[in-house]
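Reader: I want to learn how to read salt bridges and burial in a model. Can we take it feature by feature?

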Amino acid sequence: MAEDPAPSSPRAGGYPPAPDRAALDEVFAGVARQLGKRKGGALLIARRAVESLAAGDRETAAEALRVVRDDPELGDSGVGKVVRLVAAVVDPAHARADTWITEGARELLRRYRDRWPEYSPVGVGPLLGAAARTAPGVFAELLATGEGGGRRDWPGPEAVRGLWCGVVRGHLEGALSALSDGDTERAGDLLDEADAALARVRPPDDAPASDQAIQLADFAARLRAHLAERLAGEAYGHLERDGEIHPWSAEAIRLWSAAAAGHHHHLAVAQHARAYELEAGARSGGDTFTAWREALRHWAAVHQDDAFWAELHRVLETATGAPVPRETVDAVRTRLPRDLLAPHLTLAARAQSADPRRAREHLALIVTSGFPEAEVDGARRAFAADAVRTAEEAVLRHEYDAASAALAPALDVDPANPYLLRVELIVLRHRTEQEWFAEGPTTRLSALVSRMDGIATRLGPQPGRHGRELLVELARFEFWQAMDLQAQHARAPHRLTLADRAAEAAARANALDPALRRTRKYGILDGLATGVLAQAARSAASLGLPEAEVRDRIRRAREAGAPDATACCALASALLDLDRRTGRPSEAGERELQLAWRLLMSARGADEAPRSESDRENRAEVTRLGGILWARFVTYALPVPQPVPPEWTPHGAG
């Protein structure tokens, strides 16, 4: 984009007018035909003034415009705004020049939107300059709608940055004036607007200190600090009522809130006092909990503010005239979260039976307080302690209904409390074990697992932050979820996603508690994923799924762990199905047949002395599949692996 031409006048925005004849015809002559003789005449005079200005004859242009610019007939009409726009550019020293240019800019935006630069009778520079000084909103709109036109007279990046700096300067001057007049609210608003404009001209990291944006930002920071001091002084004045000093007032809170950061302690004390007053009045509306939330938010900021505690230490030493151990201040800082959260535990416990909604609000205040997670966690543990103790005692007596009943009121108040949910998981896990060992996989088992899944969801994505005990219980839940999904897959072998989900749940159980598979009750965890994935491989093969998918499922099953006899049979069956599809095997197919042989031999060894009906079924399946496999080796004239179990051959010999 071309660099900006040299300014013709600082008041005109730094750009000489560049009238376009077609634009003049549109804006002046065309409009004149529609508006009647008087207004049309004014427009024609304005047009001639622009032409004189373009020719360098500023005096003639100014004289012509003086005749019509103040004509009351024009008023606030579009014609009047355009005429005054031209008049302001011709006479930039006029007291209302910027106002006229800005009004004209608004009219062009209203009529032409993003095509306004094409129809500006005085170019773009005067409009951008005046708007930057007097109407930042109009300035931003002019930039946003007009910068893509590629005009020769459009300002370059540095010139636009300079205009934004002008916007900032105007806001800061206004803020300074407002402070001088005692209008702190307007000063704060203007400083906010200055900050928003400064964000558009942020200097590069290597900018010199003389950069105007840096200087403006420094000045803005000084004004902010002065405003904060002024607001703090005003706020203290509003704490006195009826000759007494009170800890809070609505106006003091408003003033401290409007000040820059650094008044967290004032706001914490004021909001805390306000909340206690509302609570003592048994106010159940939103104001009470809004005050509590604000108080805790500011207390959390105080707790995190190293500068505050360093200053407190200094003030204590000054007040006592003697050294104060830093540990004294550190101890207060450490205890602060517990001291501030403890009343909410008391209030929640008090309201738990009579007003559960109010109790929930107080627990929510603890959770969202902003204090360190360990402090929040400790408060929730304290809230759950009595219910947990009662429920755990009931579990030891196998009174699971009583355990759930002991947890219910506290869970109603804090539904995601990890300490309550851990015990509820224990209750459901015991029920699940009872159901499994008494009835096996049933719909009741699925319902129990589903309830455990709901608890796991309420715990969120990082349960480990609540301690190892919870992870141990979640591992047992994942085990039972895997068992339930495996049972569902056994009833519907074509639903392969059930097998996949079962394997994923088993893997999560192992990850959450690596010691789980070494326990007597959960020792089958190691073979769980292998077994269900092996069954899924056999199902995939029998369903005629692509060979690549079947082989992938076989691979995943073998990688999951050592297969038991049932899994060995399932994998061998899948391999035989692949061989049936291909006819005489390739070298890779021959290796798959040898793998099937090894799997069946492993299963045969495992069930050499069948002890149960399941073992006998496996032994019969090994014999059936072994016979098929032996016949394949013979048919393909492949070397038969040795030794050959006699029951695999028709004549009982290898």
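Author: Start with helix H15, residues 306–320, in this predicted model. Glutamate 311 and arginine 314 both lie there, three residues apart, about one turn of the helix. Their side chains meet in a salt bridge, 2.4 Å from N to O.

Reader: How exposed are glutamate 311 and arginine 314?

Author: Partly exposed covers the range between under 20% and over 50% relative accessible area. Glutamate 311 has 38%, so it is partly exposed. Arginine 314 is partly exposed too, at 45%.

Reader: Which side chain does arginine 110 meet in a salt bridge?

Author: That of glutamate 107, at 2.7 Å, N to O. The two are three residues apart in helix H5 (residues 97–112), so about one helical turn separates them. Arginine 110 counts as exposed, at 57% relative accessibility. Glutamate 107 is buried, at 4%.

Reader: Which residues are linked with Glu107 and Arg110 in a network of salt bridges?

Author: Lys81 and Arg111. The structure holds 48 salt bridges. Another of them joins the side chains of glutamate 399 and arginine 397, at 3.0 Å, N to O. Glutamate 399 is partly exposed, at 36%. Arginine 397 is partly exposed, at 46%.

Reader: Now burial. Is threonine 530 buried or exposed?

Author: Buried, because its relative accessible area is 0%, and the cut-off is under 20%. Threonine 530 lies in helix H24, residues 525–542.

Reader: What is threonine 530 in contact with, leaving aside neighbours within four places in sequence?

Author: Ala557, Ala560, Gly561, Ala562, Pro563 and Ala567. For C-alpha atoms, threonine 530 and alanine 503 are separated by 7.7 Å, though 27 residues apart along the chain.

Key. Residues are numbered from 1 along each chain as its sequence is written. This is a predicted model: local features need pLDDT of at least 70, side-chain atom pairs count only at pLDDT 80 or more; totals for chains, interfaces and linings use all residues. Side-chain values use heavy atoms; hydrogens and water are left out. Helices (H or I, at least four residues) and strands (E, at least two) are DSSP runs, numbered from the N terminus. Buried means under 20% relative accessible area, exposed over 50%, partly exposed in between (1.4 Å probe, protein chains only). Contact means heavy atoms within 4.5 Å. A salt bridge is a side-chain nitrogen of Lys or Arg within 4 Å of a carboxyl oxygen of Asp or Glu.
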